[in-house]
Amino acid sequence: MYSNDPQTPHRMLCYFHDSEIRSKLGYIQFPQRFHGLNKNDIYACELKRLFICNPVGMDGFAGPNHVGTGCFFSRRVFFGGPSSFVTPEIPELSPAHMVDKPIHAQSVLALAHHVADCMYENETNWGSKLGFRYGSLVEDYYTGYRLQCEGWKSVFCHPKRPAFLGDVPITLIDVLSQNKRWSVGLLEVAFSKYSPVTFGARAMGLVMGLCYAHTGFWPIWSIPITIYGFLPQLALLNGVSIFPKVSDTWFFVYAFLFIGAYVQDCLDYIFTQGTFQRWWSDQRMWLIRGVTSYLFGLIEFVSKCLGIATHGFNVTSKVVDDEQGKRYDQGTFEFGVHSPMFVSLAAASIINLIAFIRGIIGVFRGWNLEGLFVQMFISGFVVLNCWPVYEAMVLRSDKGRMPTKTTMVSIFVAWALYAVASLMLKL
């Protein structure tokens, strides 16, 4: 991220000098904004809900969460709550300490080297009671959450001109790896003793507790998304209806929930200066993350809880390859490497496509369309969203296409799921 507006410090100081809120104001959060996004933001890296929509709502209560960058903190905020000051181990680090020596003084440089050392926090309160809070891969979310639990307030500042601009990943594997890391970190907070549902609701009130829980339990969405991505389609392949008929009263409940949720979601996005094309990319990536990064993040978190070794921390790559950059600018999905997350995505795409075709053929052969309509609609909707996957598996020949290995493994996984589902239905 880099500064994009020289007026940003002035805007920030206006809040910190407001006598009505200064005593409990912990930090000023600006939204993350990005340059270099392609026209339709195919990977939904803008994250409008996380960086704009939700903070606007939270600003009416205790204030927005910290989102990792574009934030100005009061020094006092890192030393306990507004009415519970925690004395630092080194007096010179106190927020009220005034430096009376030049910056090049030997004692000042020695202290700077000491606190910058990676061993500084050993046997100190830093990371637990002071400073940024450790214990989660999403230290920004966790730190802002804990600070607000202590009684600090925050303010969301969203000027028309972006205060800061940053880069975004331009390959799908980098986007999903980043989201998987976030998923593990969010679950580490959600299922800790500081869970927003319990600890957060008591410390901040039910509304703010639920605001943080909404984000903290994000990866749990992988369960219903994965179920809806596979189960109705496998049943459709076997001619089994699992949803109400179109003439059934309950069908209108399903239709109302689906249409209502999507219309509201689209309007929220467009009202924050988004476009329909970017909203479509956003909802598509939400579905893709559900069967990839959210699902694998949930699996990794459960594995860690069970003591099973998992992959280490990976920093998101922001290095731009010329060919990848061109494909990204053209709005073409970048696969290029084999990944288990691509296997689950490709398997879901294959099953939905075959199920949709099988349903159409079945209708012409006398299947009851009224009973299978919802399943066919879901399959068709997934097929529509998965066009970039089909394109990468079959139509493309560039380096960013789906690896043949991934395609073959996905076909086998799809066949295995179909075989198991058929066997279970027979039983």
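**Exercise 1. State how many salt bridges a search of the whole structure finds, and trace the one that joins Arg 278 to Glu 46.**

Solution. In this predicted model, a search of the whole structure finds twelve salt bridges. For the pair in question, the side chains of Arg 278 and Glu 46 meet at 3.4 Å, N to O, which falls within the 4 Å cut-off for a salt bridge. The next step is to place the two partners along the chain: Arg 278 belongs to helix 10, while Glu 46 sits in the loop between strand 2 (25–29) and helix 2. The two residues are 232 residues apart, and the pair thus links distant parts of the chain.

**Exercise 2. Describe the largest pocket by its volume, its lining and its place relative to the domains.**

Solution. Begin with the volume, which is about 1,600 Å³. The lining consists of 46 residues, and Trp 221, Ala 261, Tyr 262, Trp 286 and Leu 287 are those that lie nearest the centre of the pocket. Sorted by class, the lining holds 31 nonpolar, eight polar and seven charged residues. Turning to the helices, at least two lining residues each come from helix 2 (48–58), helix 8 (222–237), helix 9 (249–271), helix 10 (276–291), helix 13 (340–364) and helix 14 (369–385), and helix 9 gives the most, with eleven residues. Finally, because domain 1 (2–86 + 125–168) and domain 2 (219–425) both give residues to this lining, the largest pocket lies between them.

**Exercise 3. Carry out the analysis for the second largest pocket, starting from its volume.**

Solution. The second largest pocket has a volume of about 890 Å³ and is lined by 42 residues, with Gln 32, Phe 51, Val 67, Asp 140 and Trp 182 lying nearest its centre. By class, this lining divides into 24 nonpolar, twelve polar and six charged residues. Helix 2, helix 4 (139–149), helix 5 (172–190) and helix 7 (206–216) each supply at least two of the lining residues, and helix 5 gives the most, with six. The second largest pocket lies between domain 1 (2–86 + 125–168) and domain 2 (219–425), because both domains give residues to its lining.

**Exercise 4. Identify which helices each supply at least two residues of the nonpolar patch on the surface.**

Solution. First list the members: the patch is formed by Val 246, Phe 258, Ile 259, Val 263, Leu 267, Ile 270, Phe 271, Phe 276, Leu 369, Phe 373 and Phe 377, which together have about 970 Å² of accessible area. Next, assign them to helices: helix 9 and helix 14 each supply at least two residues, Phe 373 being found in helix 14. Helix 9 gives the most to the patch, with six residues, and helix 9 also gives the most to the lining of the largest pocket.

Note on methods
Residues are numbered from 1 along each chain as its sequence is written. This is a predicted model: local features need pLDDT of at least 70, side-chain atom pairs count only at pLDDT 80 or more; totals for chains, interfaces and linings use all residues. Side-chain values use heavy atoms; hydrogens and water are left out. On a 1 Å grid over the protein atoms alone, a cavity is a set of points where a 1.4 Å probe fits but cannot get out, and a pocket is an open set with protein on both sides within 12 Å along at least five of seven lines; lining residues have an atom within 4 Å of a point. Grid points are joined across faces, edges and corners, and a volume is the space filled by probe spheres set on the points. Helices (H or I, at least four residues) and strands (E, at least two) are DSSP runs, numbered from the N terminus. Ala, Val, Leu, Ile, Met, Phe, Trp, Tyr, Cys and Pro count as nonpolar, Asp, Glu, Lys and Arg as charged, and the others, Gly among them, as polar. Domain bounds come from an automatic or database domain assignment. Patches are made of residues with over 30% relative accessible area and no salt bridge: like charges are joined within 9 Å, nonpolar side chains (Val, Leu, Ile, Met, Phe, Trp, Tyr) within 5 Å. Accessible areas come from the Shrake-Rupley method with a 1.4 Å probe; for residues, only the protein chains shown count as cover.
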